[in-house]
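User: Could you walk me through how to read a sheet and a pocket in a model like this one?
Analyst: Happy to; let us bring it up and start.

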Amino acid sequence: MAHPYTIIKPKAETVPILLSVPHCGTDFPDELKDDFKPELAKSPDDTDFYVHDLYNFCSEMGITIIHAKYSRWVIDMNRDPESKALYNDGRIITALCPNTNFFGDSIYVSQDKEPNQNEVQRRLDTYYWPYYNEIENQLAHLKSQFGKALLWDAHSIRRFVPTIRKENFPDLILGNNDGVTADQSLIDIALDNLSKDKYGLNHNTPFKGGHITRYFGNPSNNIHALQLEMSKDLYMNDEETEFDEARANAMRKVLKSCFEGLIEGLNKL
């Protein structure tokens with residue numbers, strides 16, 4: 001069976017950073033594609049559309065990239081595998097294998113197509129854990145080469161999702177589970193570089209980093225993890241339906257500066 005992810009190898013000298021994009025996938029496996037409502041599945045709205053395209057410059061910087069092939073409606077790579085809540089403040093977060101989209105719309109053609117526990121376990125084994133295992137392998141390889149590694153988990157979200165937050169999301173949100181998942185020096189570098197331009201920046205609110213960041217981030221073992229969430233209109237049009245090259249290039253300038261600073265910071269650790 002084909003891998004549920006794509007690996008893009010560095011096109012320049014390798015640096016100790018791995019970029020993960022777990023929510024950009026839009027495909028559905030053959031065995032599941034007819035289970036979802038076709039009018040929704042043709043463009044699953046919860047997708048982090050084009051984020052892997054936004055970060056396409058990273059391979060030229062020596063950064064390895066992994067991104068998901070399949071929609072998060074199949075299984076959400078950034079949720080706890082046992083469906084434990086990532087937040088305890090009562091917010092609504094879609095499930096590991098969601099039955100609805102962010103707006104509460106049912107995504108399956110009928111209730112009997114909704115995954116039971118056996119099907120959830122199959123999806124964990126088939127799609128979820130292979131993604132995690134490949135991240136683990138890539139980080140181990142980088143650590144063996146450099147003595148340290150940084151995982152950057154890249155996300156985007158609609159500017160306004162009333163079922164999650166009653167007001168607009170900020171431009172950028174850096175998450176590290178309140179400083180747990182990365183060395184403070186790297187956190188400071190990211191905060192400094194991301195706040196230099198016109199974009200507003202929040203730190204650990206309203207998102208602290210999802211399961212990927214929390215699962216892999218282990219600074220005491222020289223494995224660091226940061227999550228960046230951004231509003232889609234920073235690199236897409238106002239309707240958040242199409243890629244906007246001019247906006248994307250402005251955002252890329254900030255991201256590239258941030259990675260340059262992180263590479264230098266990793267060299268000093």
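Analyst: By class, the lining of the largest pocket has twelve nonpolar, 14 polar and eight charged residues. Keep in mind that this is a predicted model.

User: How many residues line the largest pocket, and which lie nearest its centre?
Analyst: There are 34 lining residues, and those nearest the centre are Arg72, Arg79, Ile93, Phe102 and Ile164. The volume of this pocket is about 410 Å³. Two elements each give two or more residues to its lining: strand S4 (149–157) and strand S7 (223–231). S4 gives the most, with three residues.

User: Let us turn to the sheet. What is the order of its strands?
Analyst: Seven strands form an open sheet in the order S1-S3-S2-S4-S7-S5-S6, and the pairing is mixed. At the edges are strand S1 (5–8) and strand S6 (201–203), each of which pairs on one side only. On average, neighbouring strands are turned by 20° against each other, ignoring direction.

User: Which helix packs on this sheet?
Analyst: Helix H3 (residues 117–146) does, touching S1, S2, S3, S4 and S7. The direction of H3 makes about 165° with that of S2.

User: Where do I see the mixed pairing?
Analyst: Compare the pairs one at a time. Strand S2 (residues 17–21) and strand S3 (residues 64–68) are parallel, paired over four bridges; here Val21 has His67 in S3 as its bridge partner. S4 and S7 also run parallel, joined by nine bridges, and Leu151 is partnered by Ala225 in S7. Strand S5 (residues 172–175), by contrast, runs antiparallel to S7, with four bridges between them. In that pairing, Gly175 stands opposite Gln227 in S7.

User: Is S7 mostly covered or mostly open, and how should I read its side chains?
Analyst: The general idea first: side chains in a regular strand alternate between the two faces of the sheet. In S7, Ile223, Ala225, Gln227, Glu229 and Ser231 point one way, while His224, Leu226, Leu228 and Met230 point the other way. The strand is mostly covered, with nine of its nine residues buried. Buried here means under 20% relative accessible area.

User: So what should I remember about S7?
Analyst: Put its roles in the picture together. S7 pairs in parallel with S4 and antiparallel with S5, is touched by H3, and gives two or more residues to the lining of the largest pocket.

How values were computed:
Residues numbered from 1 in each chain as written. Predicted model: local features only at pLDDT ≥ 70, side-chain atom pairs only at ≥ 80, totals over all residues. Heavy atoms only, no water. 1 Å grid on protein atoms, 1.4 Å probe; cavity = no way out; pocket = protein on both sides within 12 Å on 5 of 7 lines; lining within 4 Å. Points joined across faces, edges and corners; volume = space filled by probe spheres on them. Nonpolar A, V, L, I, M, F, W, Y, C, P; charged D, E, K, R; others polar. Pairing = 2+ DSSP bridges. Axes fitted to C-alpha atoms, helices over the stretch in contact; angles between N-to-C directions. Contact = heavy atoms within 4.5 Å. Buried < 20%, exposed > 50% of the residue type's maximum accessible area, 1.4 Å probe, protein only.
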